Amino acid sequence: MPRRDPEQIDSMAELRRGIDEIDAALMDLLAERWRHTEQAPRLKAVEGIAARAPGRVQAVLDHVREGAEARGVDGEMVSAMWRIMIETVIAREERAIGKEGIDG
């Protein structure tokens with residue numbers, strides 16, 4: 001059943017149910033994103049790319065900030081959330097392949 005437009009919701013219980021459904025959908029997408037990033041250490045090692053690629057990090061942060069703002073969402077908040085994800089992924093990659101390589 002599709003979620004109602006938030007402006008048509010007249011109770012906190014229904015609003016919370018909608019938010020919970022959105023959170024579950026976001027978790028599904030985050031899990032899919034996480035599975036994609038699990039391949040990065042292997043591919044970076046093969047291609048000689050460092051775990052930390054500052055140019056790529058900035059490009060991703062700029063992209064998500066712009067995308068958020070285009071959708072009416074606070075770009076700084078989204079950028080901060082992505083920075084946490086990116087730093088977590090980079091830390092995992094550095095444990096797997098070290099810190100050497102080229103900036104990709």
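**Packing and charge pairing of the helices**

Apart from residues up to four places away in sequence, Glu14 touches Arg4 and Ile9, contact being defined as heavy atoms within 4.5 Å. The model is a predicted one, in which local features need pLDDT of at least 70 and side-chain atom pairs count only at pLDDT 80 or more, whereas totals for chains, interfaces and linings use all residues. Residues are numbered from 1 along each chain as its sequence is written, and side-chain values use heavy atoms, with hydrogens and water left out.

Glu14 is located in helix α1; helices (H or I, at least four residues) and strands (E, at least two) are DSSP runs numbered from the N terminus. With a relative accessible area of 17%, Glu14 is buried, where buried denotes under 20% relative accessible area, exposed over 50%, and partly exposed the range in between (1.4 Å probe, protein chains only). Its contact partner Arg4 is partly exposed, at a relative accessible area of 41%. The two residues also form a salt bridge, with the closest N and O atoms 3.0 Å apart; the criterion is a side-chain nitrogen of Lys or Arg within 4 Å of a carboxyl oxygen of Asp or Glu. Because Glu14 belongs to helix α1 and Arg4 to the segment before α1, this pair ties together parts that are 10 residues apart in sequence.

A search of the whole structure yields seven salt bridges. One of them joins Glu93 to Lys44, the closest N and O atoms being 2.7 Å apart. Since Glu93 lies in helix α4 and Lys44 in helix α2, the bridge ties together parts that are 49 residues apart in sequence. Both Glu93 and Lys44 are buried. A salt bridge is also made by the side chains of Arg65 and Glu76, at 3.0 Å from N to O. Here Arg65 lies in helix α3 and Glu76 in helix α4, so parts 11 residues apart in sequence are tied together. Glu76 counts as exposed, at 52% relative accessibility. In addition, Arg52, Glu87 and Glu94 are linked in a network of salt bridges.

Lys44 reappears in the packing of helix α2. Within this helix (residues 40-47), Lys44 is buried together with Ala40 and Pro41. Viewed down the axis of α2, the buried residues fall within an arc of 95° and therefore line one face of the helix; the arc is taken over the directions from the helix axis to the C-beta atoms. The residues buried in α2 pack against α1 (12-37) and α4 (75-97).

Just after α2, Gly48 adopts a positive phi of about 70°. Gly48 is placed in the loop between α2 and α3 and is partly exposed, with a relative accessible area of 33%. The C-alpha atoms of Gly48 and Ile97 are 9.8 Å apart in space, although the two residues are 49 residues apart in sequence. Ile49 occupies the loop between α2 and α3 and is buried, with a relative accessible area of 17%. From Ile49 to Ile97, 48 residues along the chain, the C-alpha separation is 9.6 Å. Ala53 is likewise assigned to the loop between α2 and α3, and at 5% relative accessibility Ala53 counts as buried. Ala53 and Lys99 are 46 residues apart in sequence, with 9.9 Å between their C-alpha atoms.

The largest nonpolar core contains eight residues, namely Val57, Val60, Leu61, Val64, Ala68, Val78, Ile86 and Ile90. Such a core is a set of buried Ala, Val, Leu, Ile, Met, Phe, Trp, Tyr and Cys residues joined through side-chain atoms within 4.5 Å. Two or more residues of this core are given by each of α3 (54-70) and α4, and the largest share, five residues, comes from α3. Neighbours within four places in sequence aside, Val60 is in contact with Arg33, Trp82 and Ile86.

Aromatic rings were examined last. The charged end of Arg92 sits over the ring of Trp34, 4.0 Å from its centre; this arrangement requires NZ of Lys or CZ of Arg within 6 Å of the ring centre and within 35 degrees of the ring normal. The count of aromatic pairs comes to zero, where rings of Phe, Tyr and Trp (its six-membered ring) pair if their centres lie within 6.5 Å, with planes under 30 degrees apart counted as stacked, over 60 as edge-to-face and the rest as tilted.
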